[in-house]
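Reader: Could you take me through one part of this model up close? I'd like to start with a patch on the surface and go on from there.

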Amino acid sequence: EMAKLHNTTIKTLRYYDDIGLLKPIQTDSQNGYRYYSTEQFEQLNTIQYLKQLGFSLKEISRHLEHRDIDGFLELLQKQKQLTEMKIKELERINRKFETRIEEIYSAREVKEMEVASIKHIKERKVVRLMEKIQSEPELEVSLRQLENIANMNSSIFIGGVGLTVSLEHIKNNKFDVYNSIFILREEDKQNSLETTIPEGQYACIYYRGNHSDSPRYYKILLNYIQDQRFHIIGDAIERTIIDHFISGSKEDYLTEIQIPIKY
């Protein structure tokens, strides 16, 4: 009856009894029945209320034992701070989703495929792991390493992963070996792997495909750069924006290559 009245379980009440949080006023020694008084209703309500606020049973027990208003206020203030931290984290995650949604919508609107162009791109914050990558398995292992070192959750940066090809390899027409993997990030967070991709002019190209299809498009970009008499000044950036994890149709795939240049 006590469990039904308070929308809880018999198992929970037994556990509260075992740990001394809410002991019945009487226990029948013959059948083990626990008896509660109506005066204990408010105590159980208080336990349930504090649990909903996120307090541990130990904290609740301490409060019920001392019933100190200053201590209670301190508990509430502490929980309020934790809640505000969770809200900030959720807002950060929400911004990531908004950015990704916007990027996919924009990607679907890209019309000019396999055509080189010049774009001015603002500085981008990234966490970057310098690692030689030559295959899909190596890419996945390096991404997990970067995720762990940077203390990031994969659900936060899905779609924000990129690879780089060194300037030396670009000049030697070696496009199937990457020298680093990075994750785009928007917020400031101190991390030993945190760096930036500089603002500047980039020769860019979109194509329907993934990383394995990239050599052909590097050659198109390099020919364009040479024809326009630009100079390459840094590592190439390669990002697959839409891949087989998002769409089962290769016609939807979208990868962009960006090579930093100057006149």
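Author: Sure, let's start with the patch: Ile25, Tyr33 and Tyr35 make a nonpolar surface patch of about 350 Å². Patches are made of residues with over 30% relative accessible area and no salt bridge, with like charges joined within 9 Å and nonpolar side chains (Val, Leu, Ile, Met, Phe, Trp, Tyr) within 5 Å. A salt bridge here is a side-chain nitrogen of Lys or Arg within 4 Å of a carboxyl oxygen of Asp or Glu. Accessible areas come from the Shrake-Rupley method with a 1.4 Å probe, and for residues only the protein chains shown count as cover.

Keep in mind that this is a predicted model, where local features need pLDDT of at least 70, side-chain atom pairs count only at pLDDT 80 or more, and totals for chains, interfaces and linings use all residues. Residues are numbered from 1 along each chain as its sequence is written, and side-chain values use heavy atoms, leaving out hydrogens and water.

Back to Tyr35: you'll find it in strand E2, residues 34–35. Strands (E, at least two residues) and helices (H or I, at least four) are DSSP runs, numbered from the N terminus. With a relative accessible area of 38%, Tyr35 is partly exposed, as buried means under 20%, exposed over 50%, and partly exposed in between (1.4 Å probe, protein chains only).

Now for two backbone oddities. Most residues other than glycine have a negative phi. Arg67, though not a glycine, has a positive phi of about 45°; it sits in the loop between helix H4 (57–66) and helix H5 (69–108) and is exposed at 56%. Glu114 also has a positive phi, near 60°, in the loop between H5 and strand E3 (117–121).
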